[in-house]
Structures are given as structure tokens and as C-alpha cells.
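User: I'd like to learn how to read the features of a protein model. Could you take me through one?

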Amino acid sequence: MKRTFFVFLPLLPLFAACTPAAEEEDTINIYAATSLQDSLESMEEEIESALGADVTFTFEGSGILQGEIADGAEADIFFSASNVSMDALEDEQLIAQDSREVVLSNELVMIENAGEPEKLEGLDDLTTDAVDKLAAGTPTDTAAGIYTQEMMESLGVYDEVVHKIVQSRNVKEALLFVASGETETGFVYATDAPSTDQVDVVETVDSSLHSPIEYPIALTTDGAENENAREALDYLTGPEAEEVFDSYGFLQPE
């Protein structure tokens, strides 16, 4: 019997281009603090166009993202709202050496529901009957929670008001608690408050009451192997991104 053999060699290059390694190079996984969501999403198309690669964002509290990366999440870039979370990953050797840079700063603000008659004047109200509940990030999960607790400890009121705190897993959730009226007040970043007309800023917290609010960004050790991730890091620390961050109210680090 005559046998016919089919040779598929001409198709090999096509299959090679679709290997998992190639797909990974075409995708950049950026893990970023929730307070960066609006600004980063506004840049998504420009980043993808400039790099010719897909960008996938994961937004959460910095502490939550730190834990996910430590547990093996496929992150190429970590953009934190806290040096504490970045330090923890660096200690575990999960951050690429010499890729870390502090690029942004922010302010902590006390907010109240805009629909209610103005009844709060400032931080002194935290210990009064005017505040029954206040929204603040969980210190283990969010950078804003760390700064808020530091502020209360600096004022010497933490033990007095801790029972009033409704904990949130990120600043957007804290914002929602105040906007919905679930709490009388809460603490978010100055860049978060303008995102809704349902809250008003009561007071900007004196920066001397907490550690500096800094946003470090870095490649993970996995991301250091992805050339597109390196280019994305360059973009996010460059002048075009700086312009966007400025437009959303972020400050430049001192």
C-alpha cells in the first residue's frame, strides 16, 4: 500500500510565535494601589499604543497587593502607595534591584457627606458625639490606613476613637462609606475626594502627623525579565505620565 506523508514544517514559525513565553512578553501585569486607578486607566491606551503590548491592571490596597505578589501573583510592576509594602517585597527579594523609584506624593484629607448639613469642623471632632463612625483603611491592607492610624496616634486620640472606625480594604471603599452616609466622616487621599460630588473635604491633615505619603514603583523580579515591562516602567516614570498624574492632583515627591 502506498503511504502518503504530510509535512507541517512551514507552520512551525507560526506555532512558535504563540508560545506561552511570547504571550507573556506581550502582556504587562501592573499591580497598583487603588488611589492610582483613575489616573492609570486614563493612560492605558497610550501605554499600549506606545509599547505595542497589552496592559492588565490589578488595583487594591497596597498591603493586599504585597501579599498577592509574595504568594506568587504574576505581577511585572508594583506601584505602591506605601514604602512599607515595597520594603516588605524587597526584603523577600521579589523586587528587581535598582528599579525602585519614588515618583509621586499625596495628602491625607478628612471628608464628610456632602448631603448632610455641615457639622464637622476638623480633627477635633473625632472624639466628640458629632462622629459616631469614621471610615479608614485597614492598616494591614492599605497605605491610607497606616497614615490614618499614625495621625491618630500623633494626636493622642487613637485609643479613644478606635471603636468608631469602620475599616475598608482600600480608599475607594472608605470614600463610598462616607458618600453613602454609612459613616459621618472618613480619611482618603486628596486625589480621591474630587472623584465624587457626594463628599466634601473638612480638613487636609498636617503632613507632620504621619510618615511621608510616597508612591514607589518597581519591577518585580519576574517583570525584570519582560522587556515590555521595563519600557512600561520607563513610561510611568517619564514626563508624559507625570503630566497625567499632575492633572489628577498628585504631588511630586520632595
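User: Which strands does helix α4 lie across, and at about what angle does α4 run to β1?

Analyst: Some ground rules before that. This is a predicted model, where local features need pLDDT of at least 70, side-chain atom pairs count only at pLDDT 80 or more, and totals for chains, interfaces and linings use all residues. Residues are numbered from 1 along each chain as its sequence is written, and side-chain values use heavy atoms, with hydrogens and water left out. Helices (H or I, at least four residues) and strands (E, at least two) are DSSP runs, numbered from the N terminus. Angles run from 0 to 180 degrees between N-to-C directions, and axes are lines fitted to C-alpha atoms, for helices over the stretch in contact. Now the case: α4 (residues 62-70) lies across β1 (27-33), β2 and β3, at about 140 degrees to β1.

User: In what order do the strands β2, β1, β3, β10 and β4 form their sheet?

Analyst: Two strands pair if DSSP finds at least two bridges between them. Here five strands make an open sheet, ordered β2-β1-β3-β10-β4, with mixed pairing. At the edges sit β2 (54-60) and β4, each pairing on one side only. On average, neighbouring strands of this sheet are turned by 20 degrees against each other, ignoring direction. For a close-up, take β3 (residues 77-79) and β10 (residues 214-219): they run antiparallel, joined by three bridges. Phe-78 has Ala-218 in β10 as its bridge partner.

User: Which strands form the open sheet that has β7 and β9 in it, and what packs on that sheet?

Analyst: The order is β7-β6-β8-β5-β9, again five strands in an open sheet with mixed pairing. The edge strands are β7 (165-168) and β9 (199-204), and the twist averages 35 degrees from one strand to the next. Inside the sheet, β6 (residues 134-137) and β8 (residues 185-189) run parallel and share two bridges; Ala-135 has Gly-186 in β8 as its bridge partner. Helix α6 (residues 143-155) packs on the sheet, touching β5 (108-113), β6, β7 and β8, with its direction at about 120 degrees to that of β8. Helix α8 (residues 171-179) packs on the sheet too, touching β5, β6, β7, β8 and β9, and its direction makes about 145 degrees with that of β8.

User: How do the axes of α3 and α9 cross?

Analyst: Look at the distance and the angle together. The axes of α3 (residues 37-51) and α9 (residues 227-236) come within 11 Å and cross at roughly 130 degrees. That makes the pair oblique, since angles under 35 degrees count as roughly parallel, over 145 as roughly antiparallel, 65 to 115 as roughly perpendicular and the rest as oblique. Contact means heavy atoms within 4.5 Å. From α3, the contact residues include Leu-40, Met-43 and Ile-47, and from α9 they include Ala-232 and Tyr-235.

User: What is unusual about the phi of Gln-93 and Asp-98?

Analyst: Most residues other than glycine have a negative phi. Gln-93 has a positive phi of about 60 degrees, and Asp-98 a positive one of about 65 degrees. Gln-93 lies in the loop between α5 (83-91) and β4 (101-105), and Asp-98 is found in the loop between α5 and β4 too.

User: Are those two buried or exposed?

Analyst: Buried means under 20% relative accessible area, exposed over 50%, and partly exposed in between (1.4 Å probe, protein chains only). Gln-93 is exposed at 66%, and Asp-98 is exposed at 81%.
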